[in-house]
Each structure stands twice: as C-alpha cells, then as structure tokens.
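Let's take a friendly walk through the charged pairs and the contact between two chains. The sequence and the structure come up next.

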Amino acid sequence: MKEKDFAVRVHDLSVAYDMKPVLWDIDLSIPRGKLVAIVGPNGAGKTTLIKVMLGLMKPVSGAVDFGEPMTKKLRKQIAYVPQSGSVDWDFPTTVLDVVMMGRYGHLGWFTRPGKAEKKLALDMLEKVGMQAFASRQISQLSGGQQQRIFLARALIQQADIYFMDEPFKGVDAQTERSLVALLKDLKEQGKTVVVVHHDLQTVEDYFDWVTLINLHVMANGPVKEVFHEENLARTYGGRGLLLKGAQ
Amino acid sequence: MEKLFAIFTDYTFQTVALGSALLGLISGVLGSFAVLRRQSLLGDGVSHAALPGVVMAFLLTGIKNTEILLLGALLTGLLATFFIMGIVRHSRIKFDSALALVMSVFFGLGLVLLTYSQKLPNANQAGLNRFIYGQASTLLQRDIVLMGVCGFVLLLFVVLFWKEFKLFSFDPEFAASLGFSTGKLNVLPSFLIVLAIIIGLQTVGVVLMSAMLIAPAVAARQWSHRLWLMVCLAAIFGALSGVIGTLLSSSYAGLPTGPVIVVCVTLIAALSLLVAPRRGILHRIYLRRKTRAYIESEGGGVS
C-alpha cells in the first residue's frame, strides 16, 4: 500500500440547517504538507466545512476521511483554532492556563497539567510573541492577542493537521506576517495547515493550495493553477475581479 | 453576649447552622460553574421543577421522609433539565424561552398537586408546602448527614474533573475537538448542579434556591481572577451566609431562616459588585475620573 498523499478528504458531503443547505455535495481532497486556504464569500460554508472535518458537526450525508479511523491517537494529531469570538474572554483564568488547555487531550481524563506542560506553553507563547503575557488575566487582551493565544493553544497540541478559522482576524499587519512565517515553519516540518481566510490579496503570498467554496466546491488545487479571476468570479458571483484588486 | 453564647451552644441552632453552611458551600462551588457556563437560570428552572416531584413522591408512597421527597424532587428536576436541553437542541426555541416554558409548567403542576394533596382526608400531608419557601428549622441530624454525604460526593467530582470542567466551561467546542465527550461533559455538571439544588430545597425552598447558586458565584467573581480562587470564595461566601442567616433568624423571633440566608448572600453579592477592586462599580467610576483628569492635565479633552 502506498503512503497516502492526502491529509483529509471529504466525499459527497452535504450539510443543512433546517432544510437550508450550507454545503452541497462537496468532494475534495486536501494534500499533505501544504498551506491551504479555504476561501469564499460570507455564508459560503467555510466554518461549517472545517467543523464537519473536525467532527464537531454531523453532516446530513457524506463522510470525512483522514485515511484511517478516527481513534484517540488520530485525534491527538488534529489541532483546532476556533474564531476567538466563540468564547467568553471574561473567564477567570490566565493566558498560560488557556495555552495549556491544548495539552488536555494528550493528558486524558483526570491527569493534571504539570511542569512539562507549563514549559511547553511558555515556549509556544514565545513563538507567538506573547511570553510577556503568560500570567495575564485573559480579559485584558486585545482581539489580536486573543487570536495569538488561540494559535499558541493549537501549536502546543503538536499535531499533524491544523484547522484554523480566520486566525488573522483583528491582528495587525506586522503580527500577521510573523504568524504566517510560523505557519510556513509548520509546513516545512511536513504539517498540513488548513486556514479559513478572508483576504484575497494575500492568498498568493501566504498559501500554496486553495479551496474556493460557495455552497459547492468551485475550485480546489494549487494556488498558481486555480486562483484566477474566472474561478473567483464564479465563487463570488461576479465580484471576484473587484475583490482581488488590481492585478 | 450571654445570649449569643446560648444560641451557639443550642443544639437546634448547631444543626440548622451546619446544614445551612453546608448548603451554602455546595451551592457556591457548583453555582460558580453554572454562572461561568451562562446557565445561571437553569438552577431556577430545576428548583421550581422539583416541587411536583416532592408532592408526587408523597402521593405515591404516602411517606414523608426527606430522602423519599428529595428523590422525587431529583427526578422531576432532572426531567426538567432534560426537557430544557432537548427543546434547545431539537427546535429553534432559545434557552431562555425553553427554560421559562418548562419551569412554569412544572411549577404549576407542583402547585396543582400540592393543593390536591391538601384536600385529601389524610392529615399526614401537612408540611409539604415548606418546600416552597423552605423551612430550615425542620432540618434534622439525619438530613445533615444526607447533605454532608451528597456534598462530599459532589465536591469529589468537581476535584476529579476539575481540568475537564474548566476547559468545558471556557470553550466546549475546543474540548470536543480534543476528543472529550461533549455528551458526558454536558450532562455531568448539569447533573451535579441539579443535585446541589435538591440538597438545598428543604432549607431555602424552590423559589429562592437559585439565589444560593448564583449570588455567591457572582460575588466571588468580583474578587478573583482565577477559577480555583473564585470557587473557594463562592464556597466561603455561601457558607458564611448560611451561618449568619441562621444566627439572625435565631436571634430575632419571626425571621424565617431560608429567606434571611438569601438576603445575606444577596447583600454580599451587592457589596462585591459595588466595592471590589478593578471590577467594582466604585473603582470603575474612580478610574474613569482619574483618566479624564489625566487627559485634561495633558491638554486633551474639553477645554
């Protein structure tokens, strides 16, 4: 049997809320070791797609395939960066504690995080440039800082596949560049990084694979091959040219 | 002073005070999780829903043991939780509406059954209505033992599942992505909260019980920025209110224990909202004034 060349595949996937389809008959394969952007207009089903891949939502039909059954071992190889707006940042805890939560899956039930987890968390905070904030109460963070904490919490999982839902939201340009460098490092180590991304201007700079979706898969392939005006126009209903800017 | 000493050495006072302190401690700890999970009102729904359980347990068995009655309360309390969660999951009705609906239906049923039972020719049903507003003075030593055992089990669970409860209260979706069973982690804390409520019914009653759950947690949040500290403080505030409330109601004739305890814990919460450092209202007003003065001294703001 040859080594699988994909990180994750979905077959005939459909998702609907109350009869209203959000994803329709999706078939796609995401290759291993690539930086992948999932791009599409608002309400196109981008977040839904990664949530289904993560097993957080049940599709109406179809299946997600990681090339092996979803076991505890495989779970540990999958990391997730949710949108930072999805939690209550007034929760009474510290930055370091939130980052350590990324190790809870490895620790399993009952075991508490210890020195090793703490050291690892500090290392990850350093990677995202937040080491000075380790003992800070999380309610004092800005939106961009919250994103970086969530990124650190995913990095500490030391996974093979990373799913990130708009990780650059509210992050300033300089920080965004350093975070992208971080993602490129992950790719160099052979990891797969799947990012829901909004800024069409930066797709070509940041990513090497792109999935264009709007209810259906509009395109799925290397950025150089499929990220062109015709596909964008189809995805965005004619507004693609405008959105991509002068090129 | 002598009077105070006499109260403290009084056996009934000791029993009631111990029971109220236990209740405050337990509801403080579990209330913290209810508040952080934004399920404060669930306690209100569950406690109201316990009333038909109490009356039905009596009607079916004819026994008025606290254990039997509270078992009935536990069953309808859990049933109500199950309904509320089910409605939220399977329909488009939001949590608050589902809660209000289930709570009023169960409480209404409870009142109907209570009125019916009081018309029965058997005199044994007298005293069931103490569960509406609670009657701490009816606490017996065996009730305290029951509370103690249940409380110990509840706290043990909280300690064992501390990491999971913390993660799940903060970010349930991330917890699910790590492979923790959302089913278990959703049901377990809710079940523990229901149990904590049932324990308190005899003391403060179905109407006021939710205050015991929420007020200590809200007060504790004001003074702490760590989960463990918040939970400890909530336990202390709850227990303290229990003892002070019992003391006040034993010192002055005509003061009902349960409601006085609730007033105490509410006062602690109100005071905390007002004066706590950083999060308190007064401190925030002070900070705003100071900032404005600073901006003006630097030549900014209004001329």
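## Charges at a chain contact

Asp171(B) is buried, with a relative accessible area of 2%. This value, like the others here, comes from a predicted model. The partner of Asp171(B) is Arg153(A), and their closest N and O atoms are 2.9 Å apart in a salt bridge. This pair crosses between chains: Asp171(B) sits in the loop between helix 8 (162–170) and helix 9 (172–177) of chain B, while Arg153(A) belongs to helix 6 of chain A. Arg153(A) is buried too, with a relative accessible area of 0%.

How many salt bridges does the rule find across the interface of chain A and chain B? There are six. Another link between the chains joins Glu173(B) to Lys51(A), with the closest N and O atoms 3.2 Å apart. Asp90(A), Arg221(B) and Arg279(B) are also tied into a network of salt bridges. Beyond these charged pairs, chain A and chain B share 13 residue pairs in polar contact, both residues being at pLDDT 80 or more.

## The side of chain A

Which helices of chain A each supply at least two residues of the side that touches chain B? They are helix 3 (95–100), helix 4 (104–107) and helix 6 (143–155). Helix 4 of chain A gives the largest share, three residues. By type, the residues on this side of chain A divide into 15 nonpolar, 10 polar and eight charged.

The contact draws on 33 residues from chain A and 31 residues from chain B. About 3,000 Å² is buried between the two chains, and carbon and sulfur atoms give 62% of that area. In chain A, the residues that lose the most area to chain B are Phe91(A), Pro92(A) and Trp109(A), which together make up 24% of what that side buries.

## Salt bridges compared

Over all chains, the structure holds 12 salt bridges. Four of them that are named in this report are set out here.

| Salt bridge | Closest N and O atoms |
|---|---|
| Arg9(A) and Asp65(A) | 2.9 Å |
| Asp171(B) and Arg153(A) | 2.9 Å |
| Glu173(B) and Lys51(A) | 3.2 Å |
| Lys191(A) and Asp160(A) | 3.9 Å |

Two of these rows deserve a further look within chain A. Arg9(A) pairs with Asp65(A). That salt bridge links distant parts of the chain, from strand 1 (residues 6–17) to strand 4 (residues 61–65), with the two residues 56 residues apart. Arg9(A) is partly exposed, at a relative accessible area of 29%.

Lys191(A) pairs with Asp160(A). Here Lys191(A) lies in the loop between helix 7 (173–188) and strand 7 (192–196), and Asp160(A) in the loop between helix 6 and strand 6 (161–165), 31 residues apart. Lys191(A) is buried, with a relative accessible area of 16%, whereas Asp160(A) is partly exposed at 38%.

## A buried arginine without a salt bridge

Helix 6 of chain A also holds Arg148(A). Side chains of opposite charge can pair when their charged atoms come close. What is the nearest side chain of opposite charge to the buried Arg148(A), and how far away is it? It is Asp172(A), 5.2 Å away, and Arg148(A) has no salt bridge. A polar atom of the Arg148(A) side chain does lie 3.1 Å from the backbone oxygen of Val128(A). Leaving aside neighbours within four places in sequence, Arg148(A) is in contact with Val128(A), Gly129(A), Met130(A), Thr175(A) and Leu179(A).

Methods. Residues numbered from 1 in each chain as written. Chains lettered and ligands numbered in written order. Predicted model: local features only at pLDDT ≥ 70, side-chain atom pairs only at ≥ 80, totals over all residues. Heavy atoms only, no water. Contact = heavy atoms within 4.5 Å. Buried area = accessible area lost by both parts, 1.4 Å probe. Salt bridge = Lys/Arg side-chain N within 4 Å of Asp/Glu carboxyl O. Polar contact = N/O pair within 3.5 Å; in protein donor to acceptor, adjacent residues only side chain to side chain. Helix = DSSP H or I, 4+ residues; strand = E, 2+ residues; numbered from the N terminus. Nonpolar A, V, L, I, M, F, W, Y, C, P; charged D, E, K, R; others polar. Buried < 20%, exposed > 50% of the residue type's maximum accessible area, 1.4 Å probe, protein only. Lys, Arg positive; Asp, Glu negative; His and termini not counted.
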